[in-house]
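I sat down with this one to see what the coordinates would tell me. These are my notes, in the order I looked things up.

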Amino acid sequence: MIAKCLRDWRRTLIWWTIGIGAFMALYLGTYQSIKQSPEIYGPAGLAKFPGALRDLMGGLEDFTSGTGYLQSVVYQLFVPFLFVVCAMVLAGRALAGPEEAGTLELIVTLPIDRRRLVLERFAAIALGLLAVAAVTLLVTWAMAEAVGMGVGFDRILAAHLGVYLLALLFGTVTLAVGAATGRRAAASAVMGVWAVLGYMVVTIGRNVEAIAWLKWVSPFHYYAEGRPLYEGLPAGDYLVLAAATAVLALTAVLAFDRRDVGV
């Protein structure tokens, strides 16, 4: 079942890999021109940007340093959300999509354990995302070396692992809601609202006392708080993401097992 899912999704995975890889190559390729303009992209230049924009981009670190550029341009906003959307697409095709199309009803009539079905679909999502992450990691590292960013492979690996875990968590949210409702739109809506609000809480909202405490329920807090590009692998934060993903996967199993498909 896992292999069949990956075969069915192969075109989607290939196009997402190409798209994210091209995005990274394009943006990393401009680093040299950014580095040569410290008056615009250095700390003094970035301080002129509106405060809300700086918060939204994670504080806008010094673009002229390789680490600051990678953090602000690649790993702060754009690449995590590209991976999250990719995970949402895969998870939507795992259960809710086939149920809406009427094909899942045929599968559950076969002598296949429903719990095993959900776990295998989850495993396919995890492996598919892992393939996209592995290829784009190599693209990022190769481009960083080519333009002389001076960021070690271990730091890029740590940041990329965070992107993978973040996307897998949101993909599992989509899977769980799809398993409970059988509706792809509902699953995508729940995931999208949690992702957007979660990001806003840990960026713009971090200086707003009334909502700052909500960072503890935002996956983006555990993704970014450890600053892997600067400080290395934040094992504790990443374990929280992995544990939350496991709980959501179990929720998906239980929700699907107790529901009549197609009703």
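**Entry 1: a covered helix.** I should say up front that I am working from a predicted model. I began with H7 and listed its buried residues: Gly-66, Thr-67, Gly-68, Tyr-69, Leu-70, Gln-71, Ser-72, Val-73, Val-74 and Tyr-75. That puts 10 of the 10 residues in this helix, which runs over 66–75, in the buried class.

**Entry 2: the chain as a whole.** Next I stepped back for the overall numbers. The chain has 17 helices and zero strands. Of its 263 residues, 48% count as buried. I also checked how far along the sequence the contacts reach. Taking the contacts with a separation of 6 or more, 74% are between residues 24 or more positions apart.

**Entry 3: looking for empty space.** How many cavities of 30 Å³ or more are there? I get one. The space in the largest cavity comes to about 60 Å³. Its lining is made up of Gln-71, Tyr-75, Ala-159, Tyr-223, Ala-224, Pro-228 and Tyr-238. Two elements, H7 and helix H15 (219–224), each give two or more residues to that lining. So H7 turns up again in my notes, this time at the cavity wall, because it is one of the elements giving two or more residues to the lining. I sorted the lining residues by type and got six nonpolar, one polar and no charged.

**Entry 4: Thr-140.** I then picked a residue in H11, namely Thr-140. Is Thr-140 buried or exposed? It is buried, with a relative accessible area of 0%. Leaving out residues up to four places away in sequence, I find Thr-140 touching Met-24, Leu-28, Leu-70, Tyr-75, Ile-156 and His-160. Leu-70 and Tyr-75 in that list are on my list of buried H7 residues too. Tyr-75 also appears in the lining of the largest cavity.

**Entry 5: a buried acid.** Asp-237 caught my eye next; it sits in helix H17 (residues 235–257). Which side chain of opposite charge is nearest to Asp-237? That is Lys-215, at 10.0 Å. A salt bridge needs the nitrogen and the carboxyl oxygen within 4 Å, so a partner at that distance does not qualify. My note therefore reads: Asp-237 is buried and has no salt bridge. Beyond its neighbours within four places in sequence, Asp-237 is in contact with Tyr-222, Glu-225 and Gly-226.

**Entry 6: salt bridges.** I counted five salt bridges in the structure, and I wrote up three of them.

- Arg-116 pairs with Glu-120, and their closest N and O atoms are 2.8 Å apart. The two are four residues apart in helix H11 (residues 114–146), so about one helical turn separates them. In general, an α-helix has 3.6 residues a turn, so residues three or four places apart point the same way. The two ends of this bridge differ in cover: Arg-116 is exposed at 54% relative accessible area, while Glu-120 is buried at 14%.
- Asp-154 bridges to Arg-155, with 3.8 Å between the closest N and O atoms. Arg-155 is partly exposed, at 26% relative accessibility.
- Glu-231 and Arg-227 meet at 3.7 Å, N to O. Glu-231 is exposed, with 58% relative accessible area, and Arg-227 is partly exposed at 31%.

**Entry 7: back to Arg-227.** I went back to Arg-227 for its backbone. What is its phi? It is positive, about 50°, although Arg-227 is not a glycine. I flagged it because most residues other than glycine have a negative phi. Arg-227 lies in the loop between H15 and helix H16 (228–231). The residue after that loop position in my cavity list, Pro-228, is part of the lining of the largest cavity.

**Entry 8: a long-range pair.** Last, I looked at Val-85 in helix H8 (residues 78–92). Val-85 counts as partly exposed, at 33% relative accessibility. How far is its C-alpha atom from that of Gly-171? The two C-alpha atoms are separated by 8.3 Å, although the residues are 86 apart along the chain.

Key:
Residues numbered from 1 in each chain as written. Predicted model: local features only at pLDDT ≥ 70, side-chain atom pairs only at ≥ 80, totals over all residues. Heavy atoms only, no water. Buried < 20%, exposed > 50% of the residue type's maximum accessible area, 1.4 Å probe, protein only. 1 Å grid on protein atoms, 1.4 Å probe; cavity = no way out; pocket = protein on both sides within 12 Å on 5 of 7 lines; lining within 4 Å. Points joined across faces, edges and corners; volume = space filled by probe spheres on them. Nonpolar A, V, L, I, M, F, W, Y, C, P; charged D, E, K, R; others polar. Lys, Arg positive; Asp, Glu negative; His and termini not counted. Contact = heavy atoms within 4.5 Å.
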